[in-house]
Amino acid sequence: MNRKQTGSLSGIRTAALAAAAVLAASALWGCGARAGGTGARADVVKDGRVQVTLWYSGGKTAAGVMEELIGDFNSAQQQYQVTGIQQADYDETYTKLAAAIAGKTGADAALLDSDKARSLAEKGLLAGLNPYFEADEELETEDFVPVFYDQCRLGDGTVFAMPAYGTTQVMYYNRELFDRAGIDPKRIGTWQDLERAAEVVSGMGGEEKLYGWEPMWGADNLVDIALSNGGSLLSADGTRVTINSDQWVESWELVRRGIHDAETMAIHSGGQGWEYWYQTMDDVLEGRAGGYTGSSGDQADLDFSVVGAMEQPGFGENPPAPVARVLQLVMVENGKAETKQGVYEFMKFFARPANQARWSMATGYIPVRASTLEDEGYKAYTQENPQALVPLSQAMHASPMPIDPTGGKIFDALEIAADKVEIENVPVREALDEACRTAQKALDEALK
């Protein structure tokens, strides 16, 4: 199931095949599309309706809701017919789309991670949405949650995607264990508070080991903590990688010592697919751990009579700044005017507050429209399920996904460093210094 680490650092690694396909597409198709030099391509019309192909991915629940929304869109009008084709995951969607664009085939629209969408947009392979927004008197772009909408724009102001839904890592805790330990989750305002709470919970264990907290395996949670300690990926001028700064070392060290020194924290790693993720969830649901840090999309699989949800805290005196990621609907620049209009109409349909509410209630992902809070169905749902508002509340003050100008090599280096710290107990400074050297070399090459 791919819904867990949507937009995760491990998920943004760019395969060589995809990179080659993007370069080929840029050379064969992108320049002509931007300049209008290749000429318009013919729209595909069947039974009087313009045909639109959408590639997407997601877990069983998300895929089911997507198909329902596609069906509702097709039933609501007679001009366009959207056909959804599910891919294995977001990486496969990107890889296949890049290759298809190079051959002037494939999807007219796709659901992508923001970094992959940005990569295609920077090469001119996606249609800019600014003209559609400007001609639309109904779509209120100011209603989009800023952290999500801002990730859909290039530096020159080009809007290359429509926000589809958001995700961020929040904290889930076992209610009974926290009660027994006398821990009030509302009083966990810093990661240091959580570290102390983990010690208390772990200390209640008997013959069977009890862990106070389980960070999710990988760099994502560690990056969130570093950003919440004032860390950054790059220097202000974008020329220097800063992932070995004191802010990064101090924040990662908290997790390292919890796992390896105090043994109040633990991680599950390896296994098949999302096995490690569900093992982590099960530890908390079954009372073997006090809590864990996981996706907003986990809410569909959690029993909230057993667990509660809370936002990530800050680090020391620094305010919380975890990443809020956005999945994006993009329009391929294919020269087919009516097809592209159909893509836009579906994007707009998906972004309706009522449909955002429906998606969020079914999947646990975050709605991208602030007015979703005014939807009567969503109001009733969140009154009964207040945990659904925790990810949205966190997103309102979260950090956007940092942009990696190397095409993912900085994040690759962080993933390697995270394994060294979490699994091998390599000193944090040593792991991050090595990651920084690798990442700086990649950045220097990218800036040439």
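Visitor: How many positive and negative side chains does the protein chain have, and how far apart do the centres of the two sets lie?
Guide: Keep in mind that this is a predicted model. The protein chain carries 38 positive side chains and 65 negative ones. Take the centre of each set, and the separation between the two comes to 4 Å.

Visitor: What does the secondary structure of the protein chain come to?
Guide: Helices and strands both turn up here. The count is 17 helices and nine strands.

Visitor: And how does the radius of gyration compare with what the globule rule gives for 448 residues?
Guide: For 448 residues the globule rule gives 22 Å. The chain's own value is close to that, so it is as compact as a globular protein of that length. Its radius of gyration is 22 Å.

Visitor: What does the C-alpha trace span along its principal axes?
Guide: Here you get one figure for each principal axis of the protein chain. The spans are about 70 × 55 × 35 Å.

Visitor: What share of the contacts with a separation of 6 or more comes from residues 24 or more positions apart?
Guide: Start with the contacts in the protein chain that have a separation of 6 or more. Of these, residues 24 or more positions apart account for 77%.

Visitor: Is strand 5 largely enclosed or not, and how many of its residues are buried?
Guide: Strand 5 covers residues 162-174. It is largely enclosed by the rest of the structure, because the number of buried residues is 13 of the 13.

Visitor: Which strand pairs with strand 5 over six bridges?
Guide: Let's go through the partners of strand 5. Strand 7 (residues 307-310) pairs with it over four bridges, and strand 6 (residues 291-295) over five. Both pairings are antiparallel. The antiparallel pairing over six bridges is with strand 8.

Visitor: Which residue is the bridge partner of T167 in strand 8?
Guide: Other bridges give some landmarks: Y172 partners Y292 in strand 6, while N174 stands opposite V307 in strand 7. For T167, the partner in strand 8 is R325.

Visitor: Is Q387 buried or exposed?
Guide: Q387 sits in the loop between helix 14 (376-384) and helix 15 (389-395). The cut-off for buried is under 20% relative accessible area. At 11% relative accessibility, Q387 therefore counts as buried.

Visitor: Which residues is Q387 in contact with, leaving aside neighbours within four places in sequence?
Guide: Set those sequence neighbours of Q387 aside. What remains is Q299, F304 and A309.

How values were computed: Residues are numbered from 1 along each chain as its sequence is written. This is a predicted model: local features need pLDDT of at least 70, side-chain atom pairs count only at pLDDT 80 or more; totals for chains, interfaces and linings use all residues. Side-chain values use heavy atoms; hydrogens and water are left out. Buried means under 20% relative accessible area, exposed over 50%, partly exposed in between (1.4 Å probe, protein chains only). Helices (H or I, at least four residues) and strands (E, at least two) are DSSP runs, numbered from the N terminus. Two strands pair if DSSP finds at least two bridges between them. The radius of gyration is taken over C-alpha atoms; the globule rule is 2.2 Å times the number of residues to the power 0.38. Contact means heavy atoms within 4.5 Å. Lys and Arg count as positive and Asp and Glu as negative; His and the chain ends are not counted. The place of a charge is taken as NZ of Lys, CZ of Arg, CG of Asp or CD of Glu.
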